[in-house]
Amino acid sequence: DTVSRIHEYLQISYQEIKSLMILGGSQIAYNLAKLLEGQDVAIRIIEKDAEKCSFLADQLPNCTIIQQE
C-alpha cells in the first residue's frame, strides 16, 4: 500500500504501535482514538476537563480516560 511504499522510499522501518497516549481530549484526539479503538492498540487519553472526560469515556469504552491537570 501507499504507506509501505513511503516508508520504503524514506528508508523508515515499520514498527507496530501497541500503545498510544494522547494529551488533551480535542476533536482530533477523539477522532484518532475512534479510528484506532478497534485495532489492537491500548489507548490512554489525558484530559483536565471532567465533563470532557465523561464524554470521552462514554464514547470510547475501550480507551482509558484519565482526568489530570
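**View 1. A nonpolar patch on the surface of this predicted model**. Ile6, Tyr9, Leu10 and Ile12 together make a nonpolar surface patch of about 460 Å². Patches are made of residues with over 30% relative accessible area and no salt bridge, where like charges are joined within 9 Å and nonpolar side chains (Val, Leu, Ile, Met, Phe, Trp, Tyr) within 5 Å. A salt bridge here is a side-chain nitrogen of Lys or Arg within 4 Å of a carboxyl oxygen of Asp or Glu. Accessible areas come from the Shrake-Rupley method with a 1.4 Å probe, and for residues only the protein chains shown count as cover. One of the patch residues, Leu10, sits in helix α1 (residues 2-10). Helices (H or I, at least four residues) and strands (E, at least two) are DSSP runs, numbered from the N terminus.

A note on the model: local features need pLDDT of at least 70 and side-chain atom pairs count only at pLDDT 80 or more, while totals for chains, interfaces and linings use all residues. Residues are numbered from 1 along each chain as its sequence is written, and side-chain values use heavy atoms, leaving out hydrogens and water.

**View 2. Glutamine 11, in the loop between α1 and β1**. Glutamine 11 is not a glycine, yet it has a positive phi of about 55 degrees. It counts as exposed because its relative accessibility is 74%; exposed means over 50%, buried under 20%, and partly exposed in between (1.4 Å probe, protein chains only).

**View 3. Strands β1 and β2, side by side**. Strand β1 (residues 19-23) runs parallel to β2, and five bridges join them; two strands pair if DSSP finds at least two bridges between them. Serine 19 has alanine 42 of β2 as its bridge partner. Along β2, Ile43, Ile45 and Glu47 point to one face and are buried, while Ala42, Arg44 and Ile46 point to the other and are not.

**View 4. The largest nonpolar core**. This core has 13 residues, and Ala33, Ile43, Ile45 and Leu60 have the most contacts inside it. A nonpolar core is a set of buried Ala, Val, Leu, Ile, Met, Phe, Trp, Tyr and Cys residues joined through side-chain atoms within 4.5 Å. Two or more residues come from each of α2 (27-37), β2 (42-47) and α3 (50-59), with α2 giving the most, four residues.

**View 5. Alanine 33 in helix α2**. Alanine 33 counts as buried because its relative accessibility is 0%. Leaving aside neighbours within four places in sequence, alanine 33 is in contact (heavy atoms within 4.5 Å) with Ile22, Ile43, Ile45, Leu60 and Cys63.
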